[in-house]
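Please open the model in a viewer and keep the sequence at hand. This tour proposes one selection after another and describes what each one shows.

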Amino acid sequence: MADRTQKIPGVQFPFPFTPYSIQKDFMAELYQVLEAGKIGIFESPTGTGKSLSLICGALSWLRDFEQKKRQEEARLLETGPSRDEKDPSPLLSASCPETAAAQGPAGEPDWVTQFVQKKEERDLVDRLKEEQIRRRKREERLQRIHHNSQLKSAAKRLRQEEEETENLLRLSREMLAAGTGAEQPEQLESGEEELVLAEYESDEERKTARGVDEDEDDLEEEHVTKIYYCSRTHSQLSQFVHEVQKSPFGKDIRLVSLGSRQNLCINEDVKSLGSAQLINDRCMDMQRSKHEKRNEAEEEKPKRRRQEKRASCPFYNHEQMHLLRDEILAEVKDIEQLVAVGKEARACPYYGSRFAIPAAQLVVLPYQMLLHAATRQAAGIRLQGQVVIIDEAHNLIDTITAIHSAEVSGSQLCQAHSQLLQYMERYGKRLKAKNLMYIKQILYVLEKFVAVLGGNIKENPSTQSLPQTGTELKTINDFLFQSQIDNINLFKVQRYCEKSMISRKLFGFTERYGSVLSSRERPRLAGFQQFLQSLQPGVTEAPAAPVDEGQARAPTSPLMHIEGFLAALTTANQDGRVILSRQDNLSQSSLKFLLLNPAVHFAQVVKECRAVVIAGGTLQPVSDFREQLLACAGVEAERVVEFSCGHVIPPDNILPIVLCNSISGQPLEFTFQRRELPQMMDEAGHILCNLCKVVPGGMVCFFPSYEYQRRVHAHWEKSGLLGRLATRKKIFQEPKSANQVEQVLTEYSKCIERCDQAKGRVTGALLFSVVGGKMSEGINFSDNLGRCVVMVGMPYPNVRSPELQEKMAYLDQTLPRRPGKAPPGRALVENLCMKAVNQSIGRAIRHQRDFASIVLLDQRYAQRPVLAKLPAWIRDRVEVTASFGPAVAMLRKFHREKSASS
């Protein structure tokens, strides 16, 4: 790999090849944003090498920052802080929050101030010495891994020991079995249980269970300055990690990839459970069992009844996980490689990766893990003074809103109430008064939630009709008053649920007793038990409802969903709304919390971080980020920097056309009122027929919704237009089921390849897709797969939706209206539409030598405010045509010339 570098005033950017000029500009601007501690909005179209620009620009800044910090540390340790130096270095303040936060009280005598300053200086030097020792130890560990494969040998030794132990245990069991034959163990008499030996746990095992490590520094390792990089999906994160591996920084950077237990668990018994919730519950349960074993061994009081022993996870071993941590830091790995190393080391990758966070320089993680405060805390992520890069951020606002919104159904409310009531009946005498108090409060809240929907908690929700139906929208305070729970401190209830883990205990309780009860236990759980069984799928004798293909039914904890809803209700009154949706029966009715102000959750990120970068291929229009997210989060306008670069393709490799009129001269305006008129659907079909004659290879036609696509398809089939289209292009439709997308794309691709080789009358394929559907994001229609993208109409969201209406009203009230601009609520609707359009039409151009045409079928695209919201690299080349003749002539010429030269 060539290691050419690009120099920009005093800064050197290593790059694996000669960068494009737009990449040089991108890296320089990114470096300055990180250095100045600003918020950057970076737009770089797909195919322009955005990932490498982010990697090389950000890691060059981190390299220089660490070098300056080490130089400053060396100076201070050699000479001590200068007497006339009033403030410590900002670099060191960033790494020592205590120093940065320490402020001398005003009005103190000079000798007191000097004494405090000298003490702070001594403390700073001591901290720097400790950091140096920790850093040296870490570097020595990583060097050992590089040179002598410490992890592999240690893992192999441990496996051998475990195999020997397992053999001994097997022999012991065989001896016992041989002595007793096939007879079952005799029932122990009362009091005889205490004579039986408890499960033995060695001192080493007990020490490991406690998490005691010889090197205490490892457990409290400093969080070095780092970059958190997050994206939407695990595949996008893996792709980014592979780019890091190929970059000039791939050999030296300490990178850790974070993921969910579902992605990282290597315990086959746990992983086979399938659902994320079951895996999380079993993992936590196995961890607790280690501590319970230890506590039982330490207890002096004999127990009346032997409790069933739960297995602890063999991979949750602190010694091995710390070795895995060092292996993670020694070499860049993606999720799959991390899992493979974890299996080899017999150490949990989920916890091993978290142990690696403090020393890592680059942490790669999904959106949800960074944007949700409780998840950040649980993962051990500290943002103070760090850098955050949010990639693929075009739907960042929607993601934050979705993460912090919550919905519970009437069925879940009744099910949780029934389960919790039975739990209290069974274990009430064992519970402390405070536990009983909170359980009764939760039961009361659940009862009132059902009542506010118009139902009765004691009746079956599936057969319970509601007196009135419809949708009602409330402020948080109004909802609490109407539900008659305004006198309950939801903050305390939420804290109790979190600390007591009651939803997990309740899930275990229903998992044990929900389906089958012994004859001894059945009378003790009578009454509500039958009701519980009637609510749980798969428990009753009645035939179960059909399950959609590709979807597995997994047990769920209704109280866990309700906890999320209760947490949402603690949001400030002005920042959210509650939607009461009353359907024909209580089971289908629901309570939904809608977050109106996503900035309230993003504010903590921008406040704690040194710098935040919002990046994406298509971010236009960016006003949403500035106004809804940053301004509302308290970010000053001067702290926000915008950077948008052009595309790497030559200007003549793209032909965007706005078609204002049809072939017959009728205005093209696919508004909600007009788009279903037969003549409008016919005009769109005739245009597509003509386009199929001049466009080679693949064409993708986007419709505003699945329903409209279905109606148009049915109309064209009836009128014969579909048959005419099929004479030129084979027709494919976007499937509604996600697990069929790959199959459709494969068939679409193979069809285009066959047609290209055959050179017959059928010149390729035509794919009908939906804006915002499964093929409008993340799928590349490069080269012959997408020589033309057609957009039928403008995909405005449903403005009659209560959620959207409330969001529009909220923005109109909170954001200032700018002169000559649409009201903020109306601007939101326009921006949602154009973001969706930009995501869809950006599918075609994917690399420097690619070419494609874009046809926008609606005269509204010609309006200046709408054109302004297209990406600059498309907007600057748009051709607005009033009639179809000139448009098809331009398209014919464009594709003929490009096909000949390619």
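Which residues are linked with Glu 676 in a network of salt bridges? Select Glu 707, Arg 710 and Arg 711 together with Glu 676, and the network is complete on the screen. The model is predicted, and the tour continues through further charged pairs before turning to the nonpolar interior.

**Salt bridges**

The count of salt bridges comes to 22. One of them joins Lys 50 and Asp 391, so select these two residues next; a salt bridge requires the side-chain nitrogen to lie within 4 Å of a carboxyl oxygen, and here the closest N and O atoms are 2.7 Å apart. This pair links distant parts of the chain, with the two positions 341 residues apart in numbering. Lys 50 belongs to helix H2 (residues 50-79), whereas Asp 391 sits in the loop between strand S7 (387-390) and helix H18 (396-403). Are these two partners buried or exposed? Both Lys 50 and Asp 391 are buried.

Move now to Lys 592 and Glu 803, whose side chains meet in a salt bridge at 3.4 Å, N to O. Here too distant parts of the chain are linked: Lys 592 is in strand S11 (residues 590-595) and Glu 803 in helix H32 (residues 802-814), 211 residues apart. Lys 592 counts as partly exposed because its relative accessibility is 24%, a value between the limits of 20% and 50%. Glu 803 is likewise partly exposed, with a relative accessible area of 23%.

Select Lys 759 and Asp 756 next; their side chains form a salt bridge of 3.7 Å, N to O. Why does Lys 759 count as exposed? Its relative accessible area is 65%, and exposed means over 50%. Asp 756, at 39% relative accessibility, counts as partly exposed.

**Nonpolar cores**

Hide the charged pairs and turn to the largest nonpolar core, which has 63 residues. The members that touch the most others are Tyr 228, Leu 365, Ile 381, Ile 390, Leu 396 and Phe 602. Colour helix H14 (residues 335-345) as well, for it supplies the largest share of this core, 5 residues.

Centre the view on Leu 396. What does Leu 396 touch, not counting residues up to four places away in sequence? Its contacts are Leu 371, Ile 390, Phe 602, Ile 614, Phe 625 and Leu 629.

For the last stop, select Ala 416, Ile 457, Ile 485 and Tyr 496. They are among the 47 residues of another core, which lies apart from the largest one.

Methods. Residues numbered from 1 in each chain as written. Predicted model: local features only at pLDDT ≥ 70, side-chain atom pairs only at ≥ 80, totals over all residues. Heavy atoms only, no water. Helix = DSSP H or I, 4+ residues; strand = E, 2+ residues; numbered from the N terminus. Buried < 20%, exposed > 50% of the residue type's maximum accessible area, 1.4 Å probe, protein only. Core = buried A, V, L, I, M, F, W, Y, C linked by side-chain atoms within 4.5 Å. Contact = heavy atoms within 4.5 Å.
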